[in-house]
Amino acid sequence: MSSTAANVKKTSGVAPCKTIRGHTGGVTGVAHLPGGQRIITCSADRSLRLWDLESGAQIGSEWRDEGDEAAMIAMSLSPNGKTIASGSYDGTVRLWDVETGKVIVKWKEHTSFVQSVCWSPNGGRVVSGSDDGTARAWDVKSGKPVEGLNPIKTGYKSVYAVSYSPEASMIVTGGDNENGFKIWNAKTGELLSTIKLDQSVWGLTWTSDEKKLIAGLLGGEYSIEIFDTATWQQIAVLKGHRFVVESITLFPNNRLLASTSSDRTARLWNLDTNLQIGPPLQHKNDVTCAAFSADGKLLSTAGWQDKNAYIWDIQAILKTAGLEDLLLIPDAQKFELKNKVCIILSRMKHANVPHAQLQAIRC
């Protein structure tokens with residue numbers, strides 16, 4: 001089953017509702033903070049920066065690891081919204097405190113640049129993927145490498161993407177010189193499955209129920225492919241991009257997907273129908289990262305060739321297409337998400353996480 005750009009509903013071009021300016025190098029990562037008022041970006045200019053969404057103004061000074069700086073390539077926000085994990089050109093993985101903008105721990109075991117970082121669902125671990133061909137997992141509380149997972153020798157020349165499964169039982173990797181992706185046991189590092197495809201995989205994300213895995217491809221038809229995780233069979237193909245699918249990001253209700261590409265566009269997809277929504281979101285340069293706001297009403301995009309980040313009014317795009325319901329989260333899923341937060345809180349209490357760190361998580 002596939003969808004193509006021919007299925008796109010005819011609408012006029014869309015422009016960003018705000019442009020974020022200030023970085024002196026390409027913007028390589030973006031994340032929306034809880035509350036909907038702020039975003040964080042990272043850049044090849046070796047800094048992270050905090051921004052006010054309403055005004056577009058930078059908040060405070062840029063964040064730098066003084067005396068040990070390196071260009072930022074990737075970043076990921078922790079599940080509780082309190083910590084940023086970043087991957088750098090020098091192979092270092094750093095954790096940053098969102099409130100202070102300071103580095104709280106850093107890991108230097110990778111021997112080449114870090115292209116992807118991802119948090120475990122409970123925020124207890126970070127997994128990183130590097131150009132050195134390995135993935136590595138780190139324990140946030142102890143600050144030490146996770147035994148059996150440091151490193152995971154993936155067999156790739158370079159690891160493009162890493163992602164924890166929603167139940168934290170698996171880690172998926174995609175990389176160079178081996179087409180497809182690999183599934184690893186998140187506790188032991190054992191290789192569970194190898195899914196062979198016609199092209200390398202550049203981006204990976206799971207649906208929140210862990211029933212589907214979505215992969216963005218490096219070549220061929222530059223498609224996005226969806227897999228049933230019970231059988232690892234392909235169940236859908238999304239076509240429309242004309243060059244490398246750089247990243248994919250999924251809204252938590254599993255119905256709305258955003259993708260970015262070296263074809264200088266970001267695109268929205270209706271996963272109820274597997275059709276593209278509206279026209280492509282046009283950029284002047286490659287688009288390498290994107291992030292939804294917590295309510296899905298905004299999407300931030302950026303790229304390593306561009307010093308700016310761009311904010312898009314997703315609610316307006318969906319309204320024009322008659323698809324505003326794609327932002328709804330069913331009551332059953334709301335309960336499930338709330339229950340997961342309660343479980344995380346309980347586990348963190350048993351792990352003796354300081355009380356101050358628990359304040360941002362409430363059942």
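Trainee: Which residues of β16 lie on one side of the strand, and which on the other?

Mentor: Phe181, Ile183 and Asn185 are on one side, Lys182 and Trp184 are on the other, and all of them are buried, which leaves both faces of β16 covered. In general, side chains in a regular strand alternate between the two faces of the sheet. Bear in mind that this is a predicted model, in which local features need pLDDT of at least 70 and side-chain atom pairs count only at pLDDT 80 or more, while totals for chains, interfaces and linings use all residues. Residues are numbered from 1 along each chain as its sequence is written, and side-chain values use heavy atoms, with hydrogens and water left out.

Trainee: What makes β16 a strand that counts as mostly covered?

Mentor: Of its 5 residues, 5 are buried. Buried means under 20% relative accessible area, exposed over 50%, and partly exposed in between (1.4 Å probe, protein chains only). A strand here is a DSSP run of E with at least two residues, a helix is a run of H or I with at least four, and both are numbered from the N terminus. The protein has 3 helices and 28 strands, and 55% of its 363 residues count as buried.

Trainee: Why is Thr205 called buried?

Mentor: Its relative accessibility is 14%, and the limit is under 20%, so the label fits. Thr205 belongs to strand β18, residues 201-206. Beyond its neighbours within four places in sequence, Thr205 touches Lys212, Leu213, Ile214, Ile248, Leu250 and Leu257; contact means heavy atoms within 4.5 Å.

Trainee: How do you know that β15 and β16 pair?

Mentor: Two strands pair if DSSP finds at least two bridges between them. β15 (residues 170-175) and β16 (residues 181-185) have 5 bridges in the antiparallel sense, so they qualify. Among the bridge partners, Ile171 goes with Trp184 and Met170 with Asn185. The two strands form a hairpin with 5 residues between them, and Asn177 in the turn has a positive phi of about 70 degrees.

Trainee: What joins β16 to β17?

Mentor: There are 4 bridges, and the strands run antiparallel; with at least two bridges required, this counts as a pair. Trp184 stands opposite Leu191 in β17. This hairpin also has 5 residues between its strands, with Gly189 at a positive phi near 80 degrees.

Trainee: Why do β14 and β17 count as edges of the sheet?

Mentor: The open sheet has 4 strands in the order β14-β15-β16-β17, paired antiparallel. β14 (159-164) and β17 (191-195) each have a single partner strand, so one side of each is left without a neighbour in the sheet.

Trainee: What makes the space lined by Tyr156, Phe181 and others a cavity?

Mentor: On a 1 Å grid over the protein atoms alone, a cavity is a set of points where a 1.4 Å probe fits but cannot get out, and lining residues have an atom within 4 Å of a point. The search finds 1 cavity of 30 Å³ or more. Glu178, Asn179, Gly180, Lys182, Thr194, Ile195 and Lys196 are also among the lining residues. The elements giving two or more residues to this lining are β16 and β17.

Key. 1 Å grid on protein atoms, 1.4 Å probe; cavity = no way out; pocket = protein on both sides within 12 Å on 5 of 7 lines; lining within 4 Å. Points joined across faces, edges and corners; volume = space filled by probe spheres on them.
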